[in-house]
Amino acid sequence: MKIAVIGTGYVGLVVGTCFAETGNRVTCVDVDERKIKMLKDGKVPIYEPGLEELIQRNVAEGRLFFSTDVEESIKNSKVCFIAVGTPMGDDGSADLKYVLAVARSIGKSMDGHRLVVLKSTVPVGTNKLVKEELRKLTKHEFDVVSNPEFLKEGAAIDDFMKPDRVVIGSESARATQMMQELYAPFVRTGKPILVMDPASAEMTKYAANAMLATRISFMNEMARICEAVGADVNEVRKGIGTDARIGFPFLFAGAGYGGSCFPKDVRALARTASQHGCETKIIDAVEAVNDRQKHLLFEKVVKIFGKNLAGKRFAVWGLAFKPKTDDMREAPSLVLIEALLKAGAAVTAFDPEAIPETKKTLGDQVRYADSALKALEGADAMILVTEWNEFRNIDPEEVKKLLKTPVVIDGRNVFSPQRMREMGFTYTGIGTR
Ligand code: NAD
């Protein structure tokens, strides 16, 4: 099938590349000329494991193209995926300006039937809104389906290639059949394609993210209680995760969730609910707990070093909102670093992939180290914010040698508290003893 994926970000680029990999002819389109030029030059604008090789192969085999020409790409495709951003608006709702701009481009440029697929995360009612927009602008036939995306940055290709399920919100048999054909290669192992009405498909994405965010905030609250009563959240996690009704995913206590999805989607769901007169007590609490959690690492610094941090320097390990990505959107590291700087401290930061992205926000307010160990040289403490695997393999003896004072604040419970203390560290984790 000929496909245009409009919006070539973390989602659009992965989705487009994976559809090319299964034999479709895909054009990834973006208004960002710099991004498209990079891709045409063979460079990948984001860090996502395995993506570069997959892009190279599909470009070389003549199935994957990049373009800034939205109109031309729509004319040359049967299926148009909308994968542009839906950032948080001023009132917390999802801002649909990019989605509706693309819908208008499709309406103006289409010269025959088009299947329009809403891949972006959009509030309930957007499918209907896009249909209305298209109806105003074209006499040609079209179908609009909602097809929310559940991939995780850092494991995006695997998630897309082997989804737990594919959700399709469709009101048209023709559109459903086209979507089933497109996704058939990804569900050979028997995973379901769930066809439902568009509103339920739209809602499914928000419900999934709200549930995952709830588990994280719940465990962060448990961690606070554990710390207060002298229990260890890691033991509690094992104790409850083994319960088949609960399971292990998303039970790690930490420095709070960030990223481009959970914060904005939780807020947008609350906004949609309130627009429909529904109270959201759980969702509001999930968000409030997370906002508080993002300040916890700084609170731990103050507990050890006091409020005035002038003359102190802190090594921050990990900047991205989670490992295996360079995405800095809503990253807990930013909240910590801003608080440290405001209290007069200096910061030396290291992240394996996210330093260029961090520079866009923090510029030269912090020093950037070339390696995890170099960041430690002469620092008063190390604060681990993102649990990159390479940090797990570093010998704490090395850490101790390089730090001015052996203080480790472990925002992801990577190290063993007992071992660290035996080695002479002042060590604190999240909810551990
Ligand atoms: P992103 O910001 O990385 O990419 C969006 C891209 O759209 C940008 O490159 C931007 O230049 C482009 N764009 C904006 N307006 C355009 C237009 N009129 N025409 C062409 N291109 C245009 O965003 P993302 O992280 O890929 O997220 C996209 C959507 O997918 C969002 O709704 C998000 O909530 C959802 N989503 C994201 C993830 C994730 O892990 N990032 C996972 C699931 C769903």
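Author: Let's settle one term first: a residue is buried under 20% relative accessible area, exposed over 50%, and partly exposed in between (1.4 Å probe, protein chains only). This is a predicted model, in which local features need pLDDT of at least 70 and side-chain atom pairs count only at pLDDT 80 or more, while totals for chains, interfaces and linings use all residues. Residues are numbered from 1 along each chain as its sequence is written, and side-chain values use heavy atoms, with hydrogens and water left out.

Reader: Which helix holds Glu221, the salt-bridge partner of Arg292?

Author: Glu221 and Arg292 form a salt bridge, their closest N and O atoms being 3.5 Å apart (a side-chain nitrogen of Lys or Arg within 4 Å of a carboxyl oxygen of Asp or Glu). The pair ties together parts 71 residues apart in sequence, because Arg292 lies in helix H12 (residues 281–293) and Glu221 in helix H9 (residues 198–229). Helices are DSSP runs of H or I with at least four residues, numbered from the N terminus. So the helix you want is H9.

Reader: And is Glu221 buried, partly exposed or exposed?

Author: Its partner Arg292 has a relative accessible area of 36%, so Arg292 is partly exposed. Glu221 has 32%, so Glu221 too counts as partly exposed.

Reader: How many residues separate Glu299 and Arg224?

Author: Side chains of opposite charge can pair when their charged atoms come close. Glu299 and Arg224 meet in a salt bridge at 4.0 Å, N to O. Glu299 sits in helix H13 (residues 296–305) and Arg224 in helix H9, so this pair links distant parts of the chain, with a separation in sequence of 75 residues.

Reader: How much of the ligand does the protein bury?

Author: Happy to go there! A polar side-chain atom of Thr86 lies 2.5 Å from a ligand oxygen, a polar contact (N or O atoms within 3.5 Å). A backbone N or O atom of Thr121 lies 2.9 Å from an oxygen atom of the ligand. Taken alone, the ligand exposes 840 Å² (Shrake-Rupley method, 1.4 Å probe), and the share buried by the protein is 88%.

Reader: Which elements give two or more residues to the shell around the ligand?

Author: The ligand has 26 residues around it, where a residue is near if one of its heavy atoms lies within 4 Å. Among them, Asp30, Lys35, Thr86, Glu153 and Lys264 come nearest. The elements you ask about are helix H1 (10–21) and helix H5 (97–109).

Notes:
Polar contact = N/O pair within 3.5 Å; in protein donor to acceptor, adjacent residues only side chain to side chain.
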